[in-house]
Amino acid sequence: MPRGPTLGPRSPPRRVASDWDGHRRVVAERRPPIHNPNVLDMHNHVLFGLDDGCRNPVESDALAQAMRAVGHEGIVATPHIRPGVFDNTLDKIRRRRDETRPIIEEAGLSLYLGAEYYFSPELLAGARDRRLLTLGESSRYVLIELPTMSLPPRLDDLLYEVRLTGYVPVIAHPERCRGVADAVDWALERFRTAQVLLQLDLGSLVGHYGRTARRTAQAILDRGAYHVAAADLHRAEDVPSIVRPSLDLLRRRLRRRRVETGLDELIQHNPRRILENASYDDIRPV
Ligand SMILES: [Fe+2]
């Protein structure tokens, strides 16, 4: 498997004028970041017109600026790939990435590419044929969303089957899956056995997805089982209510466990290791 991209320093944010749909607008002065200024976001829907995320370039611009304002320095765009619901091809995603890149970079962010795969027979077929779009495009890590209502039978066997093809699943927001919430320790044991990574959704911690998801996120966090945290942002409006309060909660909860560097590991270092295609054993849960 080839090595991932080497991540160099990002150029500073610029003041630019942009012109979309005949409407000229000036991008506002960036506010200084408040929280960790090096957030590398592994899960968002910033590419416009592909799924239930941003609908047009203006919304992509607004989301990118909002993320930059709360301290993000880079984002891995992860549009949905879900047969019958979001039938996105890799070519279409890459074309949209190319169209959106100037908007993201004008907002002062580095842009990388991935996808959020729904767990399905098509995903397994894609893994066997080695044609999945991985996080950062050249890593072994694939973001996978499990069904919300119940876990698939033989989950660990199926995840292990993906592992045998050379890919490593990164399970998106496991706390939002009812099958995980109903049996946290049972599910975590299966995830550990299958050797996958787990991504906390920052929105879950602040109750954005209900009390069950919040309680389950706290339980997984207190067991030190998450590898990455990301906000799964779809719109700029969600940024103030999710990112800042959730990072504060996360920091406090990790301090209670005396995991002083845990926040940086979850939002900065482990995401970078994933993009750089570090080995599974080098990406430790927090
Ligand atoms: Fe998502």
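## A tour of two parallel sheets

Start by selecting residues 168-172 and 197-201: these are strands E9 and E10, which run parallel and are joined by three bridges. Keep in mind as you go that this is a predicted model. For one particular pair, pick Ile171 and find its bridge partner in E10, Leu198.

Now widen the selection to the whole sheet around them. Six strands make up this open sheet, with parallel pairing, and you can walk across it in the order E5-E7-E8-E9-E10-E11. Which strands are at the edges? They are E5 (80-81) and E11 (228-230), each of which pairs on one side only.

Next, show residues 262-275, helix H10. Turn the view until you see H10 lying across E8 (141-145), E10 and E11; the helix runs at about 110° to E11. Leave H10 displayed, since the next sheet brings us back to this helix.

For that second sheet, select E3, E4 and E6. These three strands form an open sheet in the order E3-E4-E6, again with parallel pairing. E3 (39-41) and E6 (110-113) each have a single partner strand, so each of these edge strands has one side without a neighbour in the sheet. Looking from one strand to the next, you will find a twist that averages 20°.

Zoom in on E3 and E4 (residues 72-77), parallel strands joined by three bridges. Here, Val39 is a good residue to click: its bridge partner in E4 is His72.

Finally, bring H10 back into view. Where does this helix lie on the second sheet? H10 lies across E3 and E6, and runs at about 50° to E3.

Note on methods: Residues numbered from 1 in each chain as written. Predicted model: local features only at pLDDT ≥ 70, side-chain atom pairs only at ≥ 80, totals over all residues. Pairing = 2+ DSSP bridges. Helix = DSSP H or I, 4+ residues; strand = E, 2+ residues; numbered from the N terminus. Contact = placed C-beta atoms within 7 Å. Axes fitted to C-alpha atoms, helices over the stretch in contact; angles between N-to-C directions.
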